[in-house]
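Subject: Structure handover

Hi,

Here is the structure I promised to pass on to you. Have a look at it first, and then read on for what turned up in it.

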Amino acid sequence: MSRKKRITIMWIPHWGSSPRNFNVSLGLLTSVAALVLAVATGLGILGRDYIHMQAKLDDLHRLEKVKNIQESQLEQFARESREMAQELEEIKEMDREVRELLEMEEFQEEKLEELEEDGDRQVGSGTLTSRGSLGIQGYSLREKEAAGDNYNYLGYGNQGLEEMDSIRFSLPSTRVSLEELENLLKEEKSRRAGTPSIWPLEGRLTSSYGYRACPFTGRRTFHQGIDVGAPRGTSIYAAADGVIEMARYNGGMGKTIIIDHPYGHKTLYAHLIDYKVKEGEEVKKGDVIGFVGSTGFSTGPHLHYEVHREGEPVDPMEYLPEKNRES
Amino acid sequence: MLGSRKRKSGKVDTLIGKETEIKGSIRASGMVRIDGRFEGEILTEGDLIIGESARVKAEVNARNLTLAGELKGNVELEGRLELNSSGRLYGDIKVNNLVIADGGLFKGSSLMPGMEEDQEQES
């Protein structure tokens, strides 16, 4: 045996062709065997990785499907958000229109400025909440713009998120605005209810507001109200909400009722035959307060009706519905 | 061959190399392959392969025989004889199964004991 160990590998066919000899050193054979083993091991690892990857790929396909579904959901969500935002905008517009109708623009502008400040304050918490729920942390609005690409992977979701942000931004102010409007309307309603605006009775206008010849003396005198002729006992209605300030005999005016209304008006009803209310009683617009008579200086059954604004007598015609005016 | 019942005949355990010349008698239980020169008698329970470069002059008794070289002598097999295209056989045979490839040469008489009536073939 030589210094180097050598072996012969023989190829012996079980058929006719000639055998072959391979004479190799054991070291080389060992090296080759080691190499083969290494390659086999490597292939094994690769194969295992491949199988692993194949499994991952299945996961990926499934996730892709899920992602597609979610994307379409997000798209729908974004669309709905846009619609919501649009509707909100329409509501705001209506709010503005109603305010204009109420002729309260100045008031409205003041309010809107306040509301926008409120809205700004709301944005912070609102957007933070929405990000939290989608697992994006620590982006402020500016960072969000800067981060751009990172943020865009949300695709449609991003749009929807912005819409939702703007809705969140707008909702509190819209709500406050509408509440304000509600209050305004309530106020307006009570103002209207508290302002004389109806005929206190059905009858014929016999004498207008202003200078006229006194029915008794014939002298030119100032007539502080209007006279409406009507049969004795005709019901007299309160011209607006208010409190009965007076319901008693009052010299030449005979039996007289004065109603104090909440917005600086007073109405006076004179020459009544009888009262239906007492002093200090609250009445609503249209409540029956008394009946037509001819008490005091009177030439026949009629109602003398006066309207005072801030203590001064004014033409009651200004506080009567036009369509019922008679001349 | 691979379907053999006896496992020891499935692999070559006797090899007479190309440059070897032997005279005598071989008695083996496994597969025998001859590539050199041999003169004498071969008796094996396994298969016999006679390679392309072999020149054999012997009486053969084996299970199967694959012949690619030259064989002079009588052959008796349990199984089959395969004569390759380079094979040359001079002698009488007694086999159950015979295959001669295109170009194979056989000169002798043939007996197939599996058949009821003896048959003789000459070429």
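Let me start with where the two chains meet in this predicted model. Chain B brings 14 residues to the contact, and chain A brings seven residues. On the side of chain B that touches chain A, five residues are nonpolar, six are polar and three are charged.

Next, the inside of chain B. The largest nonpolar core has 26 residues, and B:Leu48, B:Ile50 and B:Leu65 have the most contacts inside it. Several strands of chain B supply at least two residues each to this core, among them β3 (31-34), β4 (37-44), β5 (48-50), β7 (65-67) and β10 (80-83). The largest share, four residues, comes from β6(B). A second core lies apart from this one: it has 25 residues, including A:Tyr269, A:Ala270, A:Val292 and A:Leu303. As general background, nonpolar side chains tend to be buried together in soluble globular proteins.

If you would like one residue to click on, try B:Leu65. Leaving aside residues up to four places away in sequence, B:Leu65 touches B:Leu48, B:Val60, B:Val75, B:Leu77 and B:Leu81.

β6(B) deserves a few lines of its own. Which of its side chains are buried, and which are not? They alternate along the strand: B:Val56, B:Ala58, B:Val60 and B:Ala62 point to one face and are buried. B:Arg55, B:Lys57, B:Glu59 and B:Asn61 point to the other face and are not buried.

Here is how β6(B) pairs with other strands:

- With β4(B), the pairing is parallel and has seven bridges; B:Phe38 has B:Val56 as its bridge partner in β6(B).
- With β8(B), residues 70-72, there are three bridges, again in the parallel sense; here B:Val56 stands opposite B:Leu71.
- With β9(B), three bridges also run in the parallel sense; B:Val60 is partnered with B:Val75.

So B:Val56, one of the buried residues of β6(B), turns up in two of these pairings, with B:Phe38 and with B:Leu71.There is another sheet to find in chain B. It is open and has six strands in the order β1-β3-β5-β7-β10-β13, with parallel pairing. Its edge strands are β1 (12-16) and β13 (97-100), each of which pairs on one side only. On average, neighbouring strands of this sheet are turned by 10° against each other, direction ignored. Inside the sheet, β5(B) and β7(B) run parallel and are joined by three bridges, and B:Ile50 has B:Leu67 as its bridge partner in β7(B).

Now to chain A. It has five helices and 14 strands, and 20% of its 327 residues count as buried. Among contacts in chain A with a separation of 6 or more, 63% are between residues 24 or more positions apart.

How confident is the predictor in chain A, on average? The mean pLDDT is 80, and 80% of the residues score at least 70. Please keep residues 119-154 of chain A in mind, though: pLDDT stays under 50 there, and the model has 25 contacts beyond four places in sequence for this stretch.

Happy browsing, and all the best!

Conventions:
Residues numbered from 1 in each chain as written. Chains lettered and ligands numbered in written order. Core = buried A, V, L, I, M, F, W, Y, C linked by C-beta atoms within 7 Å. Buried ≥ 20, exposed ≤ 12 C-beta atoms within 10 Å, placed from the backbone. Contact = placed C-beta atoms within 7 Å. Pairing = 2+ DSSP bridges. Nonpolar A, V, L, I, M, F, W, Y, C, P; charged D, E, K, R; others polar. Axes fitted to C-alpha atoms, helices over the stretch in contact; angles between N-to-C directions. pLDDT = per-residue confidence, 0-100.
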